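Here's a quick tour of a structure for you to follow along with. Have the viewer open as you read.

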Amino acid sequence: EKQYLLLPGPTPVPPVVLRGLAKPMINHRGPEFKELFTELTEGLKEVFRTENDVIIFPSAGTGGMEAAVANFISPGEKVLVVSIGNFGDRFAEICRRFGAAVDKIDFPWGTAADADVLADRIKKDTKEEIKAVFVTHNETSTGVTNDLPKLRKALGDHPALFIVDSVSGLGAMELETDAWNLDVVVAGSQKSFMIPPGLSFVSVSKRAWDAAEKCTNARYYWDIMAARKYAEKGQTPYTPALPQLTGLAESIKMIKSEGLPNIITRHRRLRDMVRAGVRAMGLELLAADEVSSTAVTAVLAPPGIEADTIRSTLRERFNVVVAGGQNQLKNKIFRIGHLGYVRELDILAVLAALEMSLAVCGYQVNLGQGVRAAQEILLKS
Ligand code: PMP
């Protein structure tokens with residue numbers, strides 16, 4: 001049965017990537033692997049827009065987040081976590097579990113981080129005790145994107161590392177690792193990279209490598225120093241997830257052929273179509289336009305109708321799968337993912353299904369109005 005999977009991850013996998021996943025195994029200590037490894041790391045660097053090293057872990061995105069804590073923060077050290085939702089909270093929790101002294105700045109869910117608040121907090125740290133600032137690029141739980149260059153600048157010349165979770169951001173929106181001076185950036189396979197879940201990518205700056213060398217925290221599997229040592233030979237320290245890597249090779253080819261600027265423009269257009277369509281149905285959006293994500297849109301359920309009822313109607317009647325709300329937003333919102341292998345006509349289909357589902361749920365909607373608003377955006381672009 002054809003399903004429309006519009007989650008903010010896992011995202012649909014293109015046929016060419018599926019074929020890439022189905023290749024025979026090769027010797028991960030042999031010459032073919034070295035060639036693949038080199039191709040992948042070079043390709044990832046292009047997507048990350050960096051000359052820094054990019055390490056590939058066979059793990060969920062959270063594994064990459066853990067690596068971004070375990071390698072740079074020693075027990076007892078101070079860190080500052082900027083949270084605008086569920087994934088910012090997760091970064092803080094990982095830091096806590098690794099024994100860091102965590103200071104957290106919380107912004108209301110649905111809003112972006114205020115760079116002035118961060119700048120104030122940094123200015124108060126006159127003894128420069130804060131070792132790292134953790135920031136979420138695209139907060140998947142709310143559909144809000146943080147202004148990374150602004151937040152980075154808020155640090156001034158404070159020496160803290162700037163560590164970014166861009167698991168749902170990279171490849172769906174602009175991210176310039178080097179130009180924006182981002183020390184560590186974490187990304188994952190099951191979002192814009194269009195591969196099944198199971199790989200995380202972590203970029204490491206020169207300053208971050210220096211911190212990793214001094215870090216006293218216990219780590220083995222997640223040790224980026226081991227990864228660096230083996231990368232010199234074109235290998236990984238432990239048996240890699242080979243199917244994922246041959247899939248990644250295909251995904252990188254697709255990304256290069258469409259071109260990053262075009263990909264970013266497409267994601268913006270998909271976001272604009274979703275927002276115009278949903279608004280034309282009379283529904284409200286959680287995020288303001290200025291901070292709205294090009295990867296995922298959070299829609300408030302109308303009064304009197306549960307978000308999860310809309311979701312189950314979408315799934316049962318039309319085989320359209322969207323995500324629900326997390327934590328405090330549970331059953332209040334539903335989230336439409338529009339990143340990766342998603343095209344304009346997929347959005348029109350989903351908006352059409354949403355209008356019909358709303359009608360089934362007893363909400364007054366003029367069929368075709370949301371679709372039309374999105375079509376108009378598409379025609380104008
Ligand atoms: N950070 C962000 C911003 C995410 O969107 C996700 C996945 N939704 C993660 C981290 C965690 O990724 P995973 O579920 O693969 O561990």
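What follows covers a helix, a ligand shell and an annotated lysine.

## Before we start

Keep in mind that this is a predicted model.

## Helix α4

Let's begin with α4, which runs over residues 86-97. Its twelve residues, at 1.5 Å each, should span 16 Å, and the end C-alpha atoms sit 17 Å apart, so the helix agrees with the expected length. Right after α4 comes Gly-99, with a positive phi near 85 degrees.

Plenty of side chains to click on here: Phe-87, Gly-88, Asp-89, Arg-90, Phe-91, Ala-92, Ile-94 and Cys-95 are buried in α4. What do these buried residues pack against? One partner is a helix, α3 (61-70). The others are the strands β3 (78-83), β4 (101-106), β5 (130-136), β6 (138-139) and β8 (161-165).

## Around the ligand

That helix partner α3 turns up again at the ligand, where it supplies three residues, the largest share of the shell. The ligand has 14 residues around it, and the closest are Ala-60, Gly-61, Thr-62, Thr-140 and Val-167. Sorted by class, the shell holds eight polar, five nonpolar and one charged residues.

## Lys-191

An unreviewed UniProt entry puts "modified residue: N6-(pyridoxal phosphate)lysine" at Lys-191. In the model, Lys-191 is found in the loop that links β9 (184-188) to β10 (200-204).

Is Lys-191 buried or exposed? It counts as buried, because 29 C-beta neighbours fall inside 10 Å. Leaving out residues up to four places away in sequence, Lys-191 touches Gly-9, Thr-11, Val-167, Ser-168, Gly-171, Ala-172, Leu-339 and Gly-340. One of these contacts, Val-167, is also among the residues closest to the ligand.

Definitions and conventions: Residues numbered from 1 in each chain as written. Predicted model: local features only at pLDDT ≥ 70, side-chain atom pairs only at ≥ 80, totals over all residues. Helix = DSSP H or I, 4+ residues; strand = E, 2+ residues; numbered from the N terminus. Expected span 1.5 Å × (residues − 1). Buried ≥ 20, exposed ≤ 12 C-beta atoms within 10 Å, placed from the backbone. Contact = placed C-beta atoms within 7 Å. Near = placed C-beta within 6 Å. Nonpolar A, V, L, I, M, F, W, Y, C, P; charged D, E, K, R; others polar. UniProt positions renumbered as here; feature names shortened; annotations may be inferred.
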